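Reader: I'd like to go through this model with you and ask how its labels were earned. Could you show it to me before we begin?

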Amino acid sequence: MATIVEAVELKKTYMLGKVPVEALRGVNLKVEKGEFVSILGPSGSGKSTLLNLIGALDKPTSGKLLIENVGISTLNDGQLADLRRKVGFVFQFFNLIPRFTARQNVELPMAIAGLNRDERRKRAEELLETVGLKERMNHKPAELSGGEQQRVAIARALANNHRFLLLDEPTGDIDSKNAYETIQLIKRLNLEKRVTAIMVTHDQHLAKEANRAVHMLDGVIAQETVN
Ligand SMILES: Nc1ncnc2c1ncn2[C@@H]1O[C@H](COP(=O)(O)OP(=O)(O)O)[C@@H](O)[C@H]1O
Ligand SMILES: [Mg+2]
């Protein structure tokens, strides 16, 4: 199997004024293409920091991080931006554009990538059908439930043909029934569309839906469980 992420003794220190904050203190992690991995851990344990490094949103302080076998510390800003475009990000707050419909929100990354109107419309409709929102595609975010909004955000994250989803507490702001459905959707995308997914959560039950759970504590991986 091909490795999509490999972290070796990965460290990240933030400077808070003059005070160093060691968010990651030596993380070792390998994720294979096609896996669904969850990252569990208390608030402040470094989960978002790790996800942001994997998504090339930030650079490590030291250690090795390979994304599809390319070391990210060797990349310049332009190359990092290219890498970032291959990753679909999903956050706790859906960050949808309020005055756009669901379809227009999903079309946006494709418009930025330069796809023509017909192509992006067709693909947005297919993606919204995949996430079970075909009937809702002309609704604006405020007319959708939290769970539905998160499904729009997932469709948008997949818009530029992403095979790699990074989800930071995607169910943190929705009720438990919708949270469960969101996880089932991620599972289905993983199984049927072979989307590699790395999902941060602090819900143990939801984490069990992934193939494997990585437990973080104080900036390191304290434990791994295979589900
Ligand atoms: N931009 C930043 N500047 C300074 N400290 C940060 C920054 N981002 C995160 N931290 C600190 O790094 C640690 C890990 O944070 P984070 O990765 O967000 O944890 P988690 O997602 O597990 O809650 C925390 O102590 C947090 O306060
Ligand atoms: Mg976080």
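Reader: Which residues on the other side of H6 are called exposed?

Author: Happy to start there, with the reminder that this is a predicted model. On that side of H6 the exposed residues are Lys 177, Gln 184, Leu 191 and Glu 192. The label requires 12 or fewer other C-beta atoms within 10 Å of the residue's own, so each of these four meets that limit.

Reader: And which residues of H6 are called buried?

Author: Ala 179, Thr 182, Ile 183, Ile 186, Leu 189 and Asn 190 are buried. They cover an arc of only 120° around the axis, which puts them on the same side of H6. In general, an α-helix has 3.6 residues a turn, so residues three or four places apart point the same way.

Reader: What do the buried residues of H6 pack against?

Author: Their partners are strands E3 (36–40), E7 (164–168) and E8 (196–200), along with helices H5 (146–157) and H7 (204–207).

Reader: How do you know that the span of H6 agrees with its number of residues?

Author: H6 covers residues 176–192, which is 17 residues, and at 1.5 Å a residue it should span 24 Å. The end C-alpha atoms are 24 Å apart, so the two values agree. Just after H6, Arg 194 takes a positive phi of about 55°.

Reader: Turning to the sheet, what makes E2 and E5 its edges?

Author: The open sheet has 4 strands in the order E2-E1-E4-E5, with antiparallel pairing. E2 and E5 (70–71) each have a single partner strand, so one side of each is left without a neighbour in the sheet.

Reader: How many bridges support the pairing of E4 and E5?

Author: There are 2 bridges, in the antiparallel sense. Pairing takes at least two bridges, so E4 and E5 qualify. One example is Leu 66, whose bridge partner in E5 is Gly 71.

Reader: And how many bridges does E1 make with E2 and with E4?

Author: E1 and E2 pair antiparallel over 11 bridges, while 5 bridges join E1 to E4 (residues 62–67). Met 15 has Pro 20 in E2 as its bridge partner, and Val 8 stands opposite Lys 64 in E4. The hairpin of E1 and E2 has 2 residues between the strands, and Gly 17 takes a positive phi near 65° there.

Reader: Last one: which element gives the largest share of the shell around ligand 1?

Author: H1 does, with 3 residues. By class, the shell has 4 nonpolar, 7 polar and 1 charged residues.

Conventions. Residues numbered from 1 in each chain as written. Chains lettered and ligands numbered in written order. Predicted model: local features only at pLDDT ≥ 70, side-chain atom pairs only at ≥ 80, totals over all residues. Nonpolar A, V, L, I, M, F, W, Y, C, P; charged D, E, K, R; others polar. Expected span 1.5 Å × (residues − 1). Buried ≥ 20, exposed ≤ 12 C-beta atoms within 10 Å, placed from the backbone. Arc of directions from axis to C-beta. Contact = placed C-beta atoms within 7 Å.
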